[in-house]
Amino acid sequence: MFYKVLILELLVIGGLVTLRVRQNAEEGPTTTASQVDLPASEVAVTPLPDRPLRPVTNAVEGRFTFPVAGHGPQHVISVFGDKRGSSRKHKGIDIKAPRGTQVVATTDGFIERVREGGSGGKQVYLRDGRGRLYYYAHLDSWEVEEFAAVEAGDVLGTVGDTGNAKGTTPHLHFEVLLGKKKEAIDPLPLFLAAAK
Ligand SMILES: [Zn+2]
């Protein structure tokens with residue numbers, strides 16, 4: 001498999017070098033990339049088997065680390081589904097902890113996004129190997145960069161009150177989001193099951 005990719009890359013690089021040489025030679029009209037005829041690959045392309053996509057599910061399996069170091073479900077001060085105003089509902093759980101407490105990766109994965117702004121303040125998005133997205137908000141500081149690979153328990157940042165939590169009790173707002181529509185599910189069962 002590796003060699004197939006290597007051969008393909010060599011062919012592509014070969015084509016680009018040819019293009020560069022032609023352009024430098026200033027012969028005739030300038031050749032654009034779209035006009036270059038790349039040599040055909042000698043590697044036969046096998047079509048992917050016709051398999052249905054496996055949807056991301058909320059099956060509770062494996063090991064989940066509680067997202068705040070030294071804390072547990074007993075420190076949750078607002079649960080999934082709590083009312084927020086007249087129509088909105090809480091899409092995650094709030095975990096109370098002193099400012100500066102370490103926020104950790106709940107599972108193995110990679111950091112999909114680190115951003116600051118809006119109601120979430122300092123935020124981190126962690127993506128796992130099953131496609132689930134874990135959202136951390138109101139952080140005081142970050143300890144990771146985007147695209148870093150992390151293992152469960154690795155420190156992502158610290159608890160704070162940034163965003164619309166400014167001035168409230170420092171806490172981590174934590175969500176678990178599924179699929180393309182980022183459907184929020186109740187994160188608490190993940191930890192209750194893991195604690196058994
Ligand atoms: Zn919250």
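## Exposure and overall make-up

A residue is called exposed here if 12 or fewer other C-beta atoms lie within 10 Å of its own, and buried if 20 or more do. The structure described below is a predicted model, and the burial and exposure of its residues are stated in that sense throughout.

The protein contains two helices and twelve strands, and from the N terminus on these elements follow the order α-β-β-β-β-β-β-β-β-β-β-β-β-α. Of its 196 residues, 27% are buried. Among the contacts with a separation of 6 or more, 61% are between residues 24 or more positions apart.

## The nonpolar core

The largest nonpolar core has 29 residues, and those with the most contacts inside it are Val103, Val124, Tyr136 and Leu172. Two or more residues of this core come from each of strand E4 (93-96), strand E5 (102-104), E7, strand E8 (133-142), strand E10 (155-159) and strand E11 (171-178). Strand E8 gives the largest share, with six residues.

Leucine 172 shows how separate parts of the chain meet: leaving aside residues up to four places away in sequence, leucine 172 touches Pro67, Val68, Ile95, Ala97, Val103, Tyr136, His138 and Val159. Two of these neighbours, Val103 and Tyr136, are themselves among the core residues with the most contacts inside it.

## Strands E6, E7 and E9

Strand E6 (residues 109-117) has two pairing partners to consider, beginning with strand E7 (residues 121-127), to which E6 is joined in the antiparallel sense over seven bridges. Within this pairing, phenylalanine 110 has arginine 127 as its bridge partner in E7, while glutamate 116 is matched with lysine 122. Three residues lie between the two strands of this hairpin, where glycine 118 adopts a positive phi near 65°. Strand E6 also runs antiparallel to strand E9 (residues 149-150), and two bridges join them; here glycine 109 stands opposite valine 150.

Strand E7 is mostly covered, since six of its seven residues are buried. Besides its pairing with E6, strand E7 is joined to E8 by five bridges, again with the strands antiparallel. Lysine 122, the bridge partner of glutamate 116, also stands opposite leucine 139 in E8. The hairpin of E7 and E8 has five residues between the strands, and in this hairpin glycine 131 takes a positive phi near 90°.

## Strand E11 and its three partners

Strand E11 is mostly covered as well, with seven of its eight residues buried. Strand E4 pairs with E11 in the antiparallel sense over four bridges, and in that pairing lysine 96 has histidine 171 as its bridge partner. Strand E8 is joined to E11 by five bridges, and these two strands also run antiparallel; tyrosine 134 is matched there with valine 176.

The pairing of E11 with E12 is likewise antiparallel and extends over three bridges. Valine 176, which is the bridge partner of tyrosine 134, also has isoleucine 185 as its bridge partner in E12. In the hairpin that E11 and E12 form, four residues lie between the strands, and glycine 179 takes a positive phi near 70°.

## Positive phi outside glycine

Most residues other than glycine have a negative phi. Against that background, two loop residues deserve a closer look. Phenylalanine 147, a residue other than glycine, has a positive phi near 75°, and its place is in the loop between E8 and E9. Phenylalanine 147 has 10 other C-beta atoms within 10 Å and is therefore exposed, as the limit for that class is 12 or fewer.

Lysine 182 is also not a glycine, yet has a positive phi of about 50°. Lysine 182 is found in the loop between E11 and strand E12 (183-185). With 12 other C-beta atoms within 10 Å, lysine 182 is exposed, because the limit of 12 or fewer includes that count.

Conventions:
Residues are numbered from 1 along each chain as its sequence is written. This is a predicted model: local features need pLDDT of at least 70, side-chain atom pairs count only at pLDDT 80 or more; totals for chains, interfaces and linings use all residues. Two strands pair if DSSP finds at least two bridges between them. Two residues are in contact if their C-beta atoms, placed from the backbone, lie within 7 Å. A nonpolar core is a set of buried Ala, Val, Leu, Ile, Met, Phe, Trp, Tyr and Cys residues joined through C-beta atoms within 7 Å.
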